[in-house]
Amino acid sequence: MASLGKPHQEARIYKGRGATYDPANRFSPTHSVDEDDGWWREEASATLATEVREENSKSALSWNTSPDLPFDRSLNPYRGCEHGCVYCFARPSHAYWDLSPGLDFETRLIARNGLVERLSEEFCKPGYVCRPINLSGNTDCYQPLEARRQLTRRLLELLLACRHPVTIVTKSTLVLRDLPLLAEMAEHRLVRVFVSLTSLDANLKRTLEPRAASPQARLKVIKELNTAGIPVGTLISPVIPGLTDHEIERLLEAASRAGARTATWMLLRLPHEVAPLFEAWLETHYPERAAKVMSLMRQCRGGKAYDAKFGTRFRGEGVFADLIAQRFARASRQWNFQSRTEQGLNTRDFRPPHAQGDLFD
């Protein structure tokens with residue numbers, strides 16, 4: 001079986017894509033390797049089109065018992081993400097669908113049809129207990145595909161009708177399309193939005209998060225959500241040692257000035273295929289920093305590229321990780337940020353769909 005440690009096909013830059021190659025699917029019994037046989041072949045296109053598959057959902061909610069997460073259920077309208085963030089921790093999940101966590105993750109997407117109906121059924125189960133749902137627990141619910149499919153909007157309409165609270169994490173300006181809907185949910189204390197910020201460097205963003213909104217556009221999202229009365233916070237994630245960690249203070253200042261009131265952070269996570277993908281990206285775009293970044297990452301992960309232990313997987317450990325935590329805490333105090341929390345959202349007014357006969361009429 002081919003190793004996942006290094007790419008077995010040549011890394012190259014694809015326009016508007018984050019990954020530079022397709023790592024092998026770790027569940028596949030066989031792996032193919034490109035070999036140059038010396039014969040002429042046509043140069044592959046530097047542009048990859050996006051394909052969308054359909055999935056008829058059998059269930060809606062994903063459940064977790066992780067002590068690291070402030071929610072126990074999440075909802076994901078799409079599998080894969082066209083934003084193409086090379087560091088995305090969700091990339092390995094694409095292997096479960098017999099697809100590569102590399103370029104496939106950002107070009108071969110899956111739209112989950114029937115989620116509104118499945119969620120409605122789950123709400124109606126006798127033992128269902130209302131607690132906040134995290135929308136975008138795996139991939140961004142406002143990625144470009146949402147503009148056409150509108151699965152997220154239909155889910156929010158159901159959540160509002162049922163008076164069910166939700167938290168949203170996004171790095172897309174498309175969330176502003178639903179501003180009136182979110183404002184109505186905010187009036188009933190049913191929503192909080194967290195805007196992900198990674199860097200204020202637009203040039204870095206273009207290769208790190210090629211199809212996500214620009215840093216300034218995300219700050220504008222925070223400002224408009226706050227102006228509309230929608231509780232908004234920021235997620236400084238991922239913090240990448242040796243590449244973006246020097247921006248922590250400036251990111252928090254910019255988010256605070258835009259109107260964010262809560263803030264938290266996460267250290268870069270490199271599970272499974274994400275580690276070689278990220279290393280290949282570093283060597284392609286920042287070869288002079290690659291060794292330093294990976295060295296600092298291993299210092300924060302007990303000598304490994306990644307450690308999935310509960311309690312440390314989001315923040316790391318060691319001297320450098322502690323320094324990041326101290327800097328974040330100090331800057332948060334300076335700008336009067338609160339920690340991310342799902343407390344305060346309204347769970348008392350929840351009414352399952354069968355309690356109101358005209359919900360889907």
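**Backbone quirks and a covered helix**

In this predicted model, Arg-189 sits in the loop that links helix 5 (179-187) to strand 8. Its backbone does something a little out of the ordinary: phi of Arg-189 is near 55°, a positive value in a residue other than glycine. Most residues other than glycine have a negative phi, and most peptide bonds are trans. As for its surroundings, Arg-189 is partly exposed, and its relative accessible area comes to 38%.

A second case turns up at His-272. This residue belongs to the loop between strand 10 and helix 9 (274-285), and its phi, near 45°, is again positive in a residue that isn't glycine.

The peptide bonds have a surprise too. Ser-237 and Pro-238 are joined by a cis peptide bond, with omega at about -10°. Pro-238 is found in strand 9.

That strand comes up again around helix 8. Helix 8 spans residues 248-258, and its buried residues are Ile-248, Leu-251, Leu-252, Ala-254, Ala-255, Ser-256 and Ala-258. An α-helix has 3.6 residues a turn, so residues three or four places apart point the same way. Spacings of that kind can be picked out in the buried set, for instance Ile-248 with Leu-251 and Leu-252.

What covers these buried residues? Among the covering elements are three strands, namely strand 8 (191-197), strand 9 (232-239) and strand 10 (262-267), along with helix 7 (215-227) and helix 11 (319-334). Right after helix 8 comes Gly-259, and here too phi is positive, near 125°.

Methods: Residues are numbered from 1 along each chain as its sequence is written. This is a predicted model: local features need pLDDT of at least 70, side-chain atom pairs count only at pLDDT 80 or more; totals for chains, interfaces and linings use all residues. Side-chain values use heavy atoms; hydrogens and water are left out. Buried means under 20% relative accessible area, exposed over 50%, partly exposed in between (1.4 Å probe, protein chains only). Helices (H or I, at least four residues) and strands (E, at least two) are DSSP runs, numbered from the N terminus. Contact means heavy atoms within 4.5 Å.
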